[in-house]
Amino acid sequence: MRSTRPGRLVVVGQGYVGLPVAMRAVEVGFDVVGFDVDVTRVKGLAAGESHVEDVPDEVVLAALASGRYEATDDPARTQDFDVAVIDVPTPLTDGAPNLSHVVDAARILAVSLTPGATVILESTTYPGTTEDLVAGLLEEGSGLVAGRDFYLGYSPERIDPGNAVWHFQNTPKVVSGIDAESLQAVQGFFDQLVDRTVAVSGTREAELTKLLENTFRHVNIALINELTIFAEAMGVDVWEAIDAASTKPFGYLRFTPGPGVGGHCLPIDPSYLSWEVRRSVGQPFRFVELANDVNARMPDYVVSRLTEGLNRDKRAVNGSRILLLGLAYKRNTGDIRESPGMAIAHSLRALGADLRVVDPYLAPGNVDLRLVDLNEDEVRQADAVLIVTDHDAFDYEMIRDHARYVLDTRNRIRGPRVESL
Ligand SMILES: NC(=O)c1ccc[n+]([C@@H]2O[C@H](COP(=O)([O-])OP(=O)(O)OC[C@H]3O[C@@H](n4cnc5c(N)ncnc54)[C@H](O)[C@@H]3O)[C@@H](O)[C@H]2O)c1
């Protein structure tokens with residue numbers, strides 16, 4: 001077995017997941033090639049510009065200055081690696097897993113694969129992908145045999161963009177291999193990068209671990225979202241019940257309602273699991289399907305609540321000036337992938353609203369919506385202020401004091417003219 005001491009590492013995909021891995025590996029002494037097909041992203045990284053909020057420019061600049069980091073879009077630069085990690089997107093296309101990026105990444109690595117090297121898939125995917133898909137592609141392109149000539153494993157990523165406490169290094173990392181030697185190689189690699197690794201017996205268990213974590217979250221958010229709709233109809237303050245339930249020291253985990261789920265994980269990962277269950281077992285995964293349904297309806301529910309709020313004031317959405325706060329799916333980030341805020345904004349615009357959006361994390365040109373700054377004048381002029389994502393940067397006191405009507409989907413403020421979801 002080749003040594004797992006720092007050597008040459010290739011990270012395929014330099015996004016939210018791949019860039020932190022690459023930066024940490026440089027820190028502990030690896031020579032790192034960050035390979036990405038996005039030429040603009042590569043150019044930016046080569047100039048020391050990070051596109052990932054959790055990775056400051058200074059970290060990329062320090063990596064470049066060390067002489068041990070190179071960002072490239074040239075597949076030939078992936079040659080001679082000791083370890084390669086695959087961090088490419090795994091989206092859904094027409095409701096089914098789209099593994100085309102993983103396939104492309106494996107084919108590129110197969111050409112550079114040499115005996116004794118280790119390949120690790122980190123992209124989120126259904127159980128069986130590493131052994132049934134990636135192993136075959138690597139073998140086909142290299143002429144080598146997985147387990148005999150090279151090591152192969154799966155390690156799910158748990159990165160949580162914007163989380164100030166749990167980051168790549170201090171979050172325990174689940175590791176697996178297609179056999180005992182592969183597990184040893186994968187664990188040996190990540191032991192150098194993170195504080196704690198957790199070994200599981202096979203790649204399918206590791207793949208399922210990630211889907212379990214995200215499905216758990218998705219289902220619990222759907223539960224609290226549906227309960228919120230019923231509590232509102234019954235005239236009960238759901239937020240008070242959530243706070244009270246959260247005082248139970250065992251057997252309860254706090255989840256809060258919101259305008260819907262977004263990002264690259266919750267709207268997508270559980271469907272990888274239900275798709276695979278249906279394919280391999282022939283059964284519907286009812287919890288996932290129900291959660292998808294409930295969470296996907298939340299943007300429409302928010303629009304209907306706003307419509308009712310305006311209606312009480314004898315106003316229609318059509319022609320009303322609406323100030324939408326926070327377009328990103330998550331607080332204190334600019335990530336608008338699958339964001340419910342986008343769906344809400346487009347619905348309101350289609351209904352004829354005079355819509356203005358405030359999101360300090362987005363630059364004009366990022367979105368096809370009218371972005372404005374948050375100030376007293378904008379708040380006073382609006383018929384309704386809609387808080388979709390509660391970035392810390394917003395002046396909530398000012399909003400509460402000057403808005404005519406606020407619908408707050410995050411329960412960030414309370415007041416006589418403020419309604420919670
Ligand atoms: N973002 C998260 O919070 C998070 C957390 C855990 C797991 N994941 C999973 O990690 C994987 C990557 O997600 P991400 O958020 O980093 O995505 P991302 O879109 O931020 O980055 C992926 C990068 O891969 C590049 N890419 C695509 N095809 C490529 C190829 N063939 N070769 C080289 N580069 C290629 C893209 O250009 C992009 O820069 C996904 O499976 C995702 O589900 C994401």
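Visitor: Where is Asp94 found?
Guide: Asp94 sits in the loop between strand 5 (92-93) and strand 6 (96-97). Strands here are DSSP runs of E with at least two residues, helices are H or I runs of at least four, and both are numbered from the N terminus. The model is predicted, so local features need pLDDT of at least 70 and side-chain atom pairs 80 or more, while totals for chains, interfaces and linings use all residues. Residues are numbered from 1 along each chain as its sequence is written, and side-chain values use heavy atoms, leaving out hydrogens and water.

Visitor: Is Asp94 buried or exposed?
Guide: Asp94 counts as exposed, because its relative accessibility is 81% (exposed is over 50%, buried under 20%, partly exposed in between, with a 1.4 Å probe and protein chains only).

Visitor: What about its phi?
Guide: Asp94 has a positive phi of about 50°, although it isn't a glycine. Asp80 is a non-glycine with a positive phi too, at about 60°. You'll find Asp80 in the loop between strand 3 (69-72) and strand 4 (83-86).

Visitor: Switching to sheets: what's the strand order in the open one with 5 strands?
Guide: The order is 12-11-13-14-15, with parallel pairing (a pair needs at least two DSSP bridges). Strand 12 (354-358) and strand 15 (418-420) are at the edges with a single partner strand each, so each has one side without a neighbour in the sheet.

Visitor: How many bridges join strand 14 to strand 15?
Guide: Strand 14 (residues 406-408) is joined to strand 15 by 3 bridges, and the two run parallel. One to click on is Val406, whose bridge partner in strand 15 is Val418.

Visitor: Cavities next. Which residues line the second largest one?
Guide: Pro156, Glu157, Arg158, Phe168, Thr171, Pro172 and Lys173. On a 1 Å grid over the protein atoms alone, a cavity is a set of points where a 1.4 Å probe fits but can't get out; a pocket is an open set with protein on both sides within 12 Å along at least five of seven lines; lining residues have an atom within 4 Å of a point.

Visitor: And the second largest pocket, which residues are closest to its centre?
Guide: Of its 15 lining residues, Pro20, Asp54, Val55, His167 and Phe168 are closest to the centre. Helix 1 (residues 18-27) gives the largest share of that lining, 4 residues.
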